[in-house]
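User: I am new to this structure and would like a close, careful look at a single cysteine and its surroundings.

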Amino acid sequence: KSGEQKHSKEPSSLQCMHLAVVACGDRLEETLIMLKSAVLFSNRRLCFHIFAEDSLKPEFEKKLKEWPSSYTKKFEYNIYPITFSVGNAQEWKKLFKPCAAQRLFLPVILKDVDSLLYVDTDVLFLRPIDDIWHILKEFNSTQLAAMAPEHEIPKIGWYSRFARHPYYGTTGVNSGVMLMNLTRIRNTQFKNSMIPSGLTWEEMLYPLFQKYKNYITWGDQDLLNIIFYFNPECLYVFPCQWNYRPDHCMYGSNCKGAEEEGVSILHGNRGVYHDDKQPTFKALYEVIRDFPFEDNLFQSLYYPLQSKFLDTVHTLCGRIPQVFLKQIEKTMKKVYENRVIVYLGANHRY
């Protein structure tokens, strides 16, 4: 049943696709819309791990209970308090945004979970989570996490221009969408800049933070970049359409994968769902937010989206609507076909 604590390693949670998010401050609505996008399109069962401030817990429970049963039966969820297992909790809390550092502790807290997709609250799924979950099978024997590059072009990337600490690859990686094999993370000794021998993930976090805290700008994302700079063989890099941000279109279109396949996961960082700087991102957020669960996807989601996009063609991101629409259209066709088949099967009609 949704909301129940799941202590036993029962089959349902083993077959689950595990999704973790950390919500603090005013991120309740954003998190719920992210979860809604996950449930709308996914095929396999989902297990949500929601890390939230105590004041948000009753709100999450109330809102999730309001969802129709045809959707709530597709997932189970647990809500956890914000906790940091090593070092000074107040220091971790202040790192970058409140609670953002919580994601660094997921391997330590979720001891019974084998693999996990972590996302920021400002992420929207435009296709089934099943599709990114399959990337876990593509890991080679040393890879234990997957992220997308922070930028496609070094000369306009943040890390390549400003970073005062080591970072992964030529442009660094963005941690807003992060696929993790937690079992491998727990079992690995990581090379580091502090001692000649390896350290476990938990042993490494606080000393690493202490060493670099005066040089980091983006908090936990910088720490992850430092870790994978020293352990590049541990990281699988997935293409930009799996973590598509305003940076991919506001300086001209620079995410080739999205141009070819469409955006798979939209990441509205810089607060773009809530201001008017990137109307294309805001349009997608509002359409998913306002979609009545039981309605027809094309009528109540896709067509409103198309008409909202017409108002954004004067913007840099709005000039390439097909990039935003291609994958979501494909996804909705599949969902629609599946439902029709299920419906026909149940009613023996043709």
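Does Cys99 count as buried or exposed, and at what relative accessibility?

Analyst: This is a predicted model, in which local features need pLDDT of at least 70 and side-chain atom pairs count only at pLDDT 80 or more, while totals for chains, interfaces and linings use all residues. Residues are numbered from 1 along each chain as its sequence is written, and side-chain values use heavy atoms, with hydrogens and water left out.

Cys99 counts as buried, because its relative accessibility is 1%; here buried means under 20% relative accessible area, exposed over 50% and partly exposed in between (1.4 Å probe, protein chains only). Its partner is Cys24, to which a disulfide (two cysteine sulfur atoms within 2.5 Å) joins Cys99 with an S to S distance of 2.0 Å. The torsion about the S-S bond of Cys24 and Cys99 is -95°, and the link is left-handed. Cys24 sits in the loop between S1 and H2, and Cys99 in the loop between helix H5 (89–94) and helix H6 (106–109), so that the bond links parts of the chain 75 residues apart; helices (H or I, at least four residues) and strands (E, at least two) are DSSP runs, numbered from the N terminus. Cys24 also counts as buried, since its relative accessibility is 7%.

This bond belongs to a wider set, for the structure holds four disulfides, and when bonded cysteines are counted along the chain, their pattern is 1-3, 2-4, 5-7, 6-8.

Another of these disulfides joins Cys16 to Cys47, also with an S to S distance of 2.0 Å. The torsion about the S-S bond of Cys16 and Cys47 is about 70°, and therefore this disulfide is right-handed. Cys16 lies in the loop between helix H1 (11–14) and strand S1 (17–23), whereas Cys47 belongs to strand S2 (residues 46–52), and these distant parts of the chain are 31 residues apart. Both Cys16 and Cys47 are buried.

Further along, Cys249 is joined to Cys317 by a disulfide with an S to S distance of 2.0 Å, and because its torsion is about 90°, it is right-handed. Cys249 is found in the loop between S8 and H12, and Cys317 in the loop between helix H14 (297–310) and helix H15 (321–347), so this pair ties together parts that are 68 residues apart in sequence. Cys249 and Cys317 are both buried.

Cys249 leads on to Tyr244, which touches Cys249 as well as Cys255, Ala258, Val263, Ile265, Leu266, His267, Phe281, Ile320, Val323 and Phe324, not counting residues up to four places away in sequence; contact means heavy atoms within 4.5 Å. Both Tyr244 and Phe281 are buried.

Tyr244 and Phe324 touch the most other members of the largest nonpolar core, which has 76 residues; such a core is a set of buried Ala, Val, Leu, Ile, Met, Phe, Trp, Tyr and Cys residues joined through side-chain atoms within 4.5 Å. Helix H2 (residues 28–41) supplies the largest share of this core, nine residues. At least three residues of this core come from each of domain 1 (17–238) and domain 2 (241–345), with domain bounds taken from an automatic or database domain assignment. Apart from this core lies another, of 44 residues, including Leu144, Leu182, Ile185 and Leu199.

One further cysteine may be added to the picture, namely Cys234, which counts as buried because its relative accessibility is 3%.
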